[in-house]
Amino acid sequence: MISPVELALLALAGYRGTQLVVHDSILDAPREALDRWQQKKPHAAGRAALVTLISCIYCTGWWVAGALLAVWLLVTDTWSGVPVLVHGFEWLAVAGAAALLNRWDDSRKDA
C-alpha cells in the first residue's frame, strides 16, 4: 500500500497532469482539433464522449491518477504482492485527493 507521502505526491502530480490536459495553453491546439473533429459529426456518441472525457476535470483526473499510480507502482516494484482491490482503493484515493486540489484551486479563482 502507498504511504501518505506517496499519496500526497501522486495527488499533486495528478492535479498538475489534469490541469495540463484540461486547461493549459500548451495543449490548446490538440483540444481545438478534437473539438473540430467532433463538430463534423456532432451527434456521434463516441466523439461526444471523448470530448467530454478530455474537457471534464473529474473524468480526465480519474484517468491521469490511474496512469500515474500504475507507473508509480511498476517503477517502485510495489505492484505485486498486494491484492488488486487495494490498488483500486489507492486509485480512488489519488483521484479523490487530486479532485480536492482542483476544487480548491477553482474556489480560489472565484474569490
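The questions and answers below concern a predicted model. Local features need pLDDT of at least 70 and side-chain atom pairs count only at pLDDT 80 or more, while totals for chains, interfaces and linings use all residues. Residues are numbered from 1 along each chain as its sequence is written, and side-chain values use heavy atoms, with hydrogens and water left out.

User: Is V75 buried or exposed?
Analyst: V75 lies in helix 4, residues 57-75. Helices here are DSSP runs (H or I, at least four residues), numbered from the N terminus. Buried means under 20% relative accessible area, exposed over 50%, and partly exposed in between, with a 1.4 Å probe and protein chains only. V75 has a relative accessible area of 67%, so V75 is exposed.

User: Which element gives the most residues to the largest nonpolar core?
Analyst: A nonpolar core is a set of buried Ala, Val, Leu, Ile, Met, Phe, Trp, Tyr and Cys residues joined through side-chain atoms within 4.5 Å. The largest one has 7 residues: I2, L10, A65, L69, L73, V94 and A95. Helix 4 and helix 5 (84-110) each give two or more. The top contributor, with 3 residues, is helix 4.

User: How are the rings of W62 and W63 arranged?
Analyst: Rings of Phe, Tyr and Trp (its six-membered ring) pair if their centres lie within 6.5 Å; planes under 30 degrees apart count as stacked, over 60 as edge-to-face and the rest as tilted. The centres of W62 and W63 are 6.4 Å apart. Their planes meet at 80°, so the pair is edge-to-face.

User: How many residues apart are W63 and W91?
Analyst: These two also pair edge-to-face, at 5.7 Å centre to centre and 65° between the planes. W63 is in helix 4 and W91 is in helix 5. The pair links distant parts of the chain, with a separation of 28 residues.

User: Why do the buried residues of helix 2 line one face?
Analyst: The buried residues of helix 2 (residues 28-40) are R31, L34 and Q38. They pack against helix 1 (4-22) and helix 3 (45-55), through contacts of heavy atoms within 4.5 Å. The arc is that of the directions from the helix axis to the C-beta atoms. Seen down the axis, the buried residues line one face because they fall within an arc of 60°.

User: Which exposed residues does helix 2 carry on the face turned away from its buried side?
Analyst: The buried side holds R31, L34 and Q38. The face turned away from that side carries A29, R36 and K40.

How values were computed:
The expected span of a helix is 1.5 Å times one less than its number of residues.
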